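This report describes the internal packing, the charged and aromatic contacts, and the backbone features of one protein chain. The model is predicted.

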Amino acid sequence: MAHLGEPDFGVGLLSKSKYGYSAKHNCLTLSLLRSTKAPDGNADMDDHVIEYAIYPHDGPLYASRIVQHAINFNHPLLLHSTPQDRTTPRHKPTNNPARLINKISLRVSSEEVVVQAIKKGEDGKGLVVRLYEPYGKTVFNVFLSHDLLRQAFSINAVERESSKTILSTSGNEVGPLTFRPFEIKTIYLELDSTEDITNGSSCKKSKTRCMSQFPNL
């Protein structure tokens with residue numbers, strides 16, 4: 001994604017899998033294909049499917065939510081059915097997305113931070129959530145919640161046990177958290193469940209589906 005703008009308006013150029021952006025004066029460009037002729041004279045000589053989008057907006061950059069739009073453009077939401085019991089076929093197509101959305105266990109209160117990654121902890125127990133502030137502004141009072149939350153810690157990017165700092169929690173919520181401009185936070189969630197949280201199995205106590213990917217939060 002590339003962006004060009006002023007304090008009260010701008011335009012974004014979004015693409016899937018292309019990263020050759022350039023900007024000169026008031027012009028944004030995207031290199032769609034660069035085929036060399038050496039050492040392979042037939043490099044990239046075929047049909048190509050290229051997806052890109054132009055996103056103009058009013059108001060300041062942070063209000064445009066352009067980073068979230070770029071993530072959604074690159075990672076469209078995929079829906080799968082949730083088995084109600086072990087006899088139900090897994091990944092059966094569904095036409096009822098509302099039923100699936102209700103199964104999501106992880107929530108973030110603010111649209112001004114982005115969930116970059118969710119994974120199982122290196123210790124095989126907790127859930128690691130990485131979030132960041134993309135617009136260069138301070139964001140206050142961010143809450144992270146999970147239905148099975150027991151305890152939460154701030155942790156460094158490589159999940160060193162010695163780096164754990166306990167965070168304030170209330171019920172199933174973590175926070176309030178404050179993000180400095182462009183700050184990245186890694187949060188370790190200790191959950192009230194002992195089952196594998198990334199293989200799609202049902203959570204033991206709530207019997208709801210644990211999700212392993214949240215690209216669109």
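## Helix α2 and its surroundings

Gln 68 is located in helix α2, which spans residues 66-74. With a relative accessible area of 12%, Gln 68 is buried. Apart from residues up to four places away in sequence, Gln 68 touches Glu 111, Val 113, Val 114 and Tyr 135.

Gln 68 belongs to the set of buried residues of α2, together with Ile 66, Val 67, Ala 70 and Ile 71. The elements against which these buried residues pack are the strands β1 (2-6), β2 (9-15), β5 (52-58), β7 and β8, and the helix α1 (61-64). The loop between α1 and α2 contains Arg 65. Arg 65 is not a glycine, yet its phi is positive, at about 55°. Elsewhere in α2, the ring of Phe 73 has the charged end of Lys 16 over it, 5.3 Å from the ring centre.

## Nonpolar cores

The largest nonpolar core holds 20 residues, and those that touch the most other members are Val 129, Leu 131, Val 174, Phe 179, Ile 187 and Leu 189. Two or more residues of this core come from each of β7 (114-120), β8 (127-132), β9 (139-146), β10 (149-154), β13 (173-179) and β14 (184-191). A second core, separate from this one, has eight residues, among them Val 67, Val 114, Tyr 132 and Tyr 135. Val 67 is also one of the buried residues of α2, while Val 114 and Tyr 135 are among the residues touched by Gln 68.

Phe 179 illustrates the surroundings of a residue in the largest core. Neighbours within four places in sequence aside, Phe 179 is in contact with Val 113, Leu 131, Tyr 132, Glu 133, Lys 137, Thr 138, Val 139, Val 142 and Lys 185. The last of these, Lys 185, places its charged end over the ring of Phe 179, 5.3 Å from the centre.

## Sheet architecture

An open sheet is formed by five strands in the order β7-β8-β14-β10-β11, with antiparallel pairing. β7 and β11 (165-166) are the edge strands, each pairing on one side only. Within the sheet, β10 and β14 run antiparallel and are joined by five bridges. Leu 149 has Leu 191 of β14 as its bridge partner.

## The aromatic pair

One aromatic pair is found in a search of the whole structure. Its members are Phe 153 and Tyr 188, whose rings are tilted, with 6.3 Å from centre to centre and 55° between the planes. Because Phe 153 lies in strand β10 and Tyr 188 in strand β14, the pair ties together parts that are 35 residues apart in sequence. Both residues are buried: the relative accessible area is 13% for Phe 153 and 4% for Tyr 188.

## Salt bridges

Nine salt bridges are found in the whole structure. One of them joins the side chains of Lys 137 and Glu 112, at 2.6 Å from N to O. Lys 137 lies in the loop between β8 and β9 and Glu 112 in the loop between β6 (106-108) and β7, so that distant parts of the chain, 25 residues apart, are linked. Lys 137 is partly exposed, with a relative accessible area of 22%, and is also among the contacts of Phe 179.

The side chains of Glu 183 and Arg 180 form another salt bridge, at 3.8 Å from N to O. Glu 183 is buried at 14% relative accessible area, whereas Arg 180 is exposed at 54%. Shared partners join Lys 119, Glu 122 and Glu 159 into one network of salt bridges. Within this network, the side chains of Glu 122 and Lys 119 meet at 3.0 Å from N to O. Glu 122 is exposed at 63% relative accessibility, and Lys 119 is partly exposed at 28%.

## Backbone features in β9 and β13

Gly 175 and Pro 176 are joined by a cis peptide bond with an omega of about 5°. Pro 176 is placed in strand β13, an element that gives two or more residues to the largest core.

In strand β9, Asn 141 has a phi near 55°, a positive value in a residue other than glycine. Asn 141 is exposed, its relative accessible area being 54%.

Note on methods: Residues are numbered from 1 along each chain as its sequence is written. This is a predicted model: local features need pLDDT of at least 70, side-chain atom pairs count only at pLDDT 80 or more; totals for chains, interfaces and linings use all residues. Side-chain values use heavy atoms; hydrogens and water are left out. Helices (H or I, at least four residues) and strands (E, at least two) are DSSP runs, numbered from the N terminus. Buried means under 20% relative accessible area, exposed over 50%, partly exposed in between (1.4 Å probe, protein chains only). Contact means heavy atoms within 4.5 Å. A nonpolar core is a set of buried Ala, Val, Leu, Ile, Met, Phe, Trp, Tyr and Cys residues joined through side-chain atoms within 4.5 Å. A salt bridge is a side-chain nitrogen of Lys or Arg within 4 Å of a carboxyl oxygen of Asp or Glu. Rings of Phe, Tyr and Trp (its six-membered ring) pair if their centres lie within 6.5 Å; planes under 30 degrees apart count as stacked, over 60 as edge-to-face and the rest as tilted. A charge sits over a ring if NZ of Lys or CZ of Arg is within 6 Å of the ring centre and within 35 degrees of the ring normal. Two strands pair if DSSP finds at least two bridges between them.
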